[in-house]
Amino acid sequence: MSMTIGTDIVSIHRFHEFAQDTNHPVLKKIFTQNELDYCFAKDAVEPHLAARFAGKEATIKALYSRGISDVWYTDIEILNRHDGVPFVKLKKEMYKDLKLEISLAHCEDKALAFVVILGDD
Ligand SMILES: CC(C)(COP(=O)(O)OP(=O)(O)OC[C@H]1O[C@@H](n2cnc3c(N)ncnc32)[C@H](O)[C@@H]1OP(=O)(O)O)[C@@H](O)C(=O)NCCC(=O)NCCS
């Protein structure tokens with residue numbers, strides 16, 4: 001069993017202009033529709049977009065540490081269980097055996113994420 005980790009921190013204000021329009025082309029390049037539905041259902045959209053962006057960057061870092069570099073933002077989907085706990089899925093079939101764990105947080109101006117990936121190799 002091997003383990004890799006990734007982390008990222010993001011300024012929430014970077015997402016202000018995108019938070020006005022759920023169909024913004026930049027959002028569509030980064031987020032899945034399920035993620036956008038979650039964020040745009042919130043009163044304050046930006047922190048949730050920023051946290052998911054940090055989560056994707058953290059996932060990409062944890063994947064790089066395993067030598068994996070062919071995963072794009074929309075291949076990574078970060079959603080929440082009914083109790084609020086976030087989870088991350090890789091939408092690429094070839095990486096389905098990896099087990100990912102994620103934690104997100106946001107405050108007034110920053111969002112951050114930690115990701116752990118466990119593999120059988
Ligand atoms: C869940 C909790 C820890 C979140 O902390 P917070 O300071 O409000 O918010 P943070 O910015 O640190 O984190 C927010 C993120 O935490 C994650 N989260 C939400 N609920 C969670 C939970 N139960 N467990 C783990 N992570 C959770 C989400 O990813 C959320 O961001 P998102 O909505 O963009 O996905 C907090 O709301 C809490 O303590 N709730 C009470 C828990 C409870 O039921 N206690 C009862 C026993 S005393």
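Let me begin with the ligand: α3 (46–64) and β4 (99–106) each supply at least two residues of the shell around it, where helices (H or I, at least four residues) and strands (E, at least two) are DSSP runs numbered from the N terminus, and a residue belongs near the ligand if one of its heavy atoms lies within 4 Å. This is a predicted model, in which local features need pLDDT of at least 70 and side-chain atom pairs count only at pLDDT 80 or more, while totals for chains, interfaces and linings use all residues. Residues are numbered from 1 along each chain as its sequence is written, and side-chain values use heavy atoms, with hydrogens and water left out.

β4 gives the most to the shell, with three residues, and the residues surrounding the ligand include Y38, H48, R52, N80, G84 and H106.

Turning to polar contacts (pairs of N or O atoms within 3.5 Å), an oxygen atom of the ligand is 2.9 Å from a side-chain N or O atom of N80, and another pair joins a backbone N or O atom of H106 to an oxygen atom of the ligand at 2.8 Å. For G84, a backbone N or O atom lies 3.3 Å from a nitrogen atom of the ligand.

As for the protein interior, the largest nonpolar core, a set of buried (under 20% relative accessible area, 1.4 Å probe, protein chains only) Ala, Val, Leu, Ile, Met, Phe, Trp, Tyr and Cys residues joined through side-chain atoms within 4.5 Å, has 35 residues, with F31 among those having the most contacts inside it. The largest share of this core, nine residues, comes from α3.

Notes. Polar contact = N/O pair within 3.5 Å; in protein donor to acceptor, adjacent residues only side chain to side chain. Buried < 20%, exposed > 50% of the residue type's maximum accessible area, 1.4 Å probe, protein only.
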